Amino acid sequence: MKILCLHGFRTSGSFLKKQINKWDSSIFAHFDMDFPDGIYPAGGKSDIEGIFPGPYFEWFQFNKEFTEYTNLEECINYLCEYITSNGPFDGLLGFSQGATLAALLLGYQAQGKILKEHPEMKLYVSISGSKFREPSICEVAYKDPIKVKSVHFIGEKDWLKQPSEELATAFENPLIIRHPQGHTVPRLDEDAVQKLKNWTQEIFLLFQSTSTATSEDDAKLRKTIKNEEESIIV
């Protein structure tokens, strides 16, 4: 199974990869994780300068109130093309801006706005994500509960704590994992590791059983076609 991982504002794919790699390796042992860089070079100072080397990137730009967005449509088009060309992907993971953007893609796909030919995503991992606030976006992306298995990491000291809570309500039966940290990819305690491991394993086993059933159906179909062809020849 393949997961597309979208980094936060003015960071990079390699930085998010380093953060996720600090988690217990067994959590995503059955998944192929893809960490691309944002479409635009950082347009200002990065919060991780001096912590992690650049270059840094951003997916789109926005105003202080997060109600107006620049280059968002271009970003969506770019990611749809990336997903189509490098997929299929089974799920999305994101931090901050990346998590917000990933949830938008899932909502749009569920409403038939994008990725119409791509298989439906099966999972979503949000770390400090939030909803978009522009009404025309909300009316489509969050029109109905998003029926993708989701887990939401919400930090007690995160300045996006309340927006993260609101994003979780956009999903059907979300798993919420709380942590005492701020706006960061958190270090996981034993309880969080076990919850996330159980969650990913459940999805993987479900995917396996579905794939097996599909393979068996395909085999039966091929056998039926072969028998029909042989009958015609006779």
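**Backbone features, nonpolar cores and salt bridges**

Pro 55 is found in the loop that runs between strand 3 (40–41) and strand 4, and in this predicted model the peptide bond that joins Gly 54 to Pro 55 is cis, with omega at about 5°. A cis peptide bond is also present from Gly 87 to Pro 88, where omega is near 5°, and Pro 88 is placed in the loop between helix 2 and strand 7 (91–95). The chain in which these bonds occur has 234 residues, of which buried residues make up 48%, and its secondary structure comes to six helices and 10 strands. Among the contacts with a separation of 6 or more, 76% are accounted for by residues 24 or more positions apart.

Positive phi values in residues other than glycine are found at Phe 66, with phi of about 55°, and at Asn 71, with phi near 70°. Phe 66 lies in the loop between strand 5 (61–62) and strand 6 (69–70), and its relative accessible area of 14% makes it buried. Asn 71 is located in the loop between strand 6 and helix 2; with a relative accessible area of 25%, Asn 71 is partly exposed.

The largest nonpolar core comprises 36 residues, and the residues with the most contacts inside it are Leu 72, Leu 101, Leu 104, Tyr 124 and Phe 132. Two or more residues are given to this core by each of strand 1 (2–6), helix 2 (72–86), helix 3 (97–110) and helix 4 (135–141), with helix 3 giving the most, namely eight residues. A second core, separate from this one, has 27 residues and includes Met 1, Ile 3, Cys 5 and Phe 31. In soluble globular proteins, nonpolar side chains tend to be buried together. Within the largest core, Leu 72 can be followed in detail: when residues up to four places away in sequence are not counted, Leu 72 touches Phe 60, Leu 101, Leu 104, Phe 132 and Ile 137.

The packing of helix 2 against helix 3 was then examined. The axes of the two helices come within 11 Å and cross at roughly 75°, which makes helix 2 roughly perpendicular to helix 3. On the side of helix 2, the contact is formed by Leu 72, Cys 75, Ile 76, Leu 79 and Ile 83, which meet Leu 101, Leu 104, Leu 105 and Tyr 108 of helix 3. The residues of this contact divide into nine nonpolar, no polar and no charged.

Helix 3 is also one of the elements against which the buried residues of helix 5 pack, together with strand 8 (123–127), strand 9 and strand 10 (175–179). The buried residues of helix 5 (residues 161–168) are Pro 163, Ser 164, Glu 165, Leu 167 and Ala 168. Lys 161, by contrast, counts as partly exposed, at 23% relative accessibility, and its side chain meets that of Glu 156 in a salt bridge with an N to O distance of 2.9 Å.

Seven salt bridges are found in a search of the whole structure. In one of them, the side chains of Arg 10 and Glu 58 meet at 2.9 Å, N to O. This pair links distant parts of the chain, 48 residues apart, since Arg 10 is in the loop between strand 1 and helix 1 (13–20) and Glu 58 is in strand 4 (residues 57–58). Both Arg 10 and Glu 58 are buried. A further salt bridge is formed by the side chains of Glu 202 and Lys 149, at 3.9 Å, N to O. Because Glu 202 lies in helix 6 (residues 190–233) and Lys 149 in strand 9 (residues 149–155), this pair ties together parts that are 53 residues apart in sequence. Glu 202 is partly exposed, with a relative accessible area of 47%, and Lys 149 is likewise partly exposed, with a relative accessible area of 34%. Side chains of opposite charge can pair when their charged atoms come close.

Helix 6 also contains Ala 192, which is buried, with a relative accessible area of 7%. The C-alpha atoms of Ala 192 and His 179 are separated by 8.6 Å, the two residues being 13 residues apart along the chain.

Definitions and conventions:
Residues are numbered from 1 along each chain as its sequence is written. This is a predicted model: local features need pLDDT of at least 70, side-chain atom pairs count only at pLDDT 80 or more; totals for chains, interfaces and linings use all residues. Side-chain values use heavy atoms; hydrogens and water are left out. A nonpolar core is a set of buried Ala, Val, Leu, Ile, Met, Phe, Trp, Tyr and Cys residues joined through side-chain atoms within 4.5 Å. Buried means under 20% relative accessible area, exposed over 50%, partly exposed in between (1.4 Å probe, protein chains only). Helices (H or I, at least four residues) and strands (E, at least two) are DSSP runs, numbered from the N terminus. Contact means heavy atoms within 4.5 Å. Axes are lines fitted to C-alpha atoms, for helices over the stretch in contact, and angles run from 0 to 180 degrees between N-to-C directions. Angles under 35 degrees count as roughly parallel, over 145 as roughly antiparallel, 65 to 115 as roughly perpendicular and the rest as oblique. Ala, Val, Leu, Ile, Met, Phe, Trp, Tyr, Cys and Pro count as nonpolar, Asp, Glu, Lys and Arg as charged, and the others, Gly among them, as polar. A salt bridge is a side-chain nitrogen of Lys or Arg within 4 Å of a carboxyl oxygen of Asp or Glu.
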